[in-house]
Amino acid sequence: MDNLEETLNSTIHPSCLQEPPLAIDVIRELDVFGICLYSILTFMSCLSLLLYLDTCVYIYKNLPYPKKITVIWINGAAPCIATMSCFGLWIPRAVMFTDMTSNCYFAVVVYKILMLIVEELGGSSSFLKRFSGQPFSISTGPCCCCCVCLPKVPMSRRMLFLLKLGSLQYAILKTVLSIISIILWTNGNFNPADLSITGATIWINPMVGVLTIISLWPVGITFMNTRRLLRHLKMIPKYAMYQLVLVLSQLQASIINILSLNGTIACSPPFSSVARGSMLSQQLMIMEMFIITLVTRCLYRRTYDSPEEQDNTHNGSMALKAPSEEHDV
């Protein structure tokens, strides 16, 4: 038995049992195909960032405040994830930090999607005037999509506040938990590959998952009950892109991580099984986020009225509305 164990251990490359390689080790191991692949992926991430900056300038000039801040935040989801994935691709030991940065940014985007829907309907005041007292269906995903028997809840100021709070808590608590994870990691208590009951990962990750589900529910409720009114603003494809970023950045990454932890993804020196799974995840993420960046650019970089024209149109509509109300009275 001892000879068998020694034989098995001798067949395992030492790199497969070590930490992720340093950046210089990754560069030294690149062949011609690897150099071409890394160059193309780096170009994609840089181009995504440049396209995002160009879209930011366009939106800043053509949208009024505060809608332009919300749209800029939402447009930055895919470029941010692509850029962080590029850093993680070249510096494998920084993957935990790059992933946490991307996830914290996307946590804010979840809240901003809800605010965009409200702002497209005129803001909180106009939203409440339009929907106050109207029943809102809450049997939507990801919490209650199968619970069709749930009663409809009338919209009110308190209901809108709870919807906003439900999404905002994820942006705050996700950032707090990420900071705690980094602090525990410096002390050797947090290791993403350690799933033992005594490790911090097994407690923090499920908590983040619960917070994610809770934050997605208010966005789903608001969208499902207002999507018909926002069809002309292409809100459905915008919402679909947001959902796609969510699935790719959270679900896909989790599946690849589980496969690497189980050893399904083989070790390839200088990458261990976990490090190789992370590398494959970063490569896929860059390509996917680049495509999503192009699509979101087409959706958001459209013809807008200038902020002055929008304000004049809004004031004119209010002026026309006031006499009609007096006439009705």
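Let's start with the biggest hole in this predicted model: the largest cavity has a volume of about 100 Å³. The structure holds three cavities of 30 Å³ or more, and two of them are worth a walk-through here.

If you want to find the largest cavity on screen, centre your view on Ile74, Ala77, Tyr242, Val245 and Thr296, which lie nearest its centre among the 13 residues that line it. Now look at where the wall comes from. Five helices each put in at least two lining residues: H4 (67-75), H5 (77-90), H6 (95-120), H10 (235-261) and H11 (273-300). Of these, H10 gives the most, with four residues. As for chemistry, ten of the lining residues are nonpolar, two are polar and one is charged.

Next, move on to the second largest cavity, which holds about 40 Å³ of space. Its lining is made up of Gly88, Leu89, Pro92 and Val95, together with Phe271, Ala275, Ser278, Met279 and Gln282. Which helices supply at least two residues each to this wall? Here they are H5 and H11, and you have met both already in the lining of the largest cavity. This time H11 gives the most, again with a count of four residues, whereas H10 had that role in the largest cavity. By class, the lining of the second largest cavity has six nonpolar and three polar residues, with no charged ones, while the lining of the largest cavity does include one charged residue.

How values were computed: Residues are numbered from 1 along each chain as its sequence is written. This is a predicted model: local features need pLDDT of at least 70, side-chain atom pairs count only at pLDDT 80 or more; totals for chains, interfaces and linings use all residues. Side-chain values use heavy atoms; hydrogens and water are left out. On a 1 Å grid over the protein atoms alone, a cavity is a set of points where a 1.4 Å probe fits but cannot get out, and a pocket is an open set with protein on both sides within 12 Å along at least five of seven lines; lining residues have an atom within 4 Å of a point. Grid points are joined across faces, edges and corners, and a volume is the space filled by probe spheres set on the points. Ala, Val, Leu, Ile, Met, Phe, Trp, Tyr, Cys and Pro count as nonpolar, Asp, Glu, Lys and Arg as charged, and the others, Gly among them, as polar.
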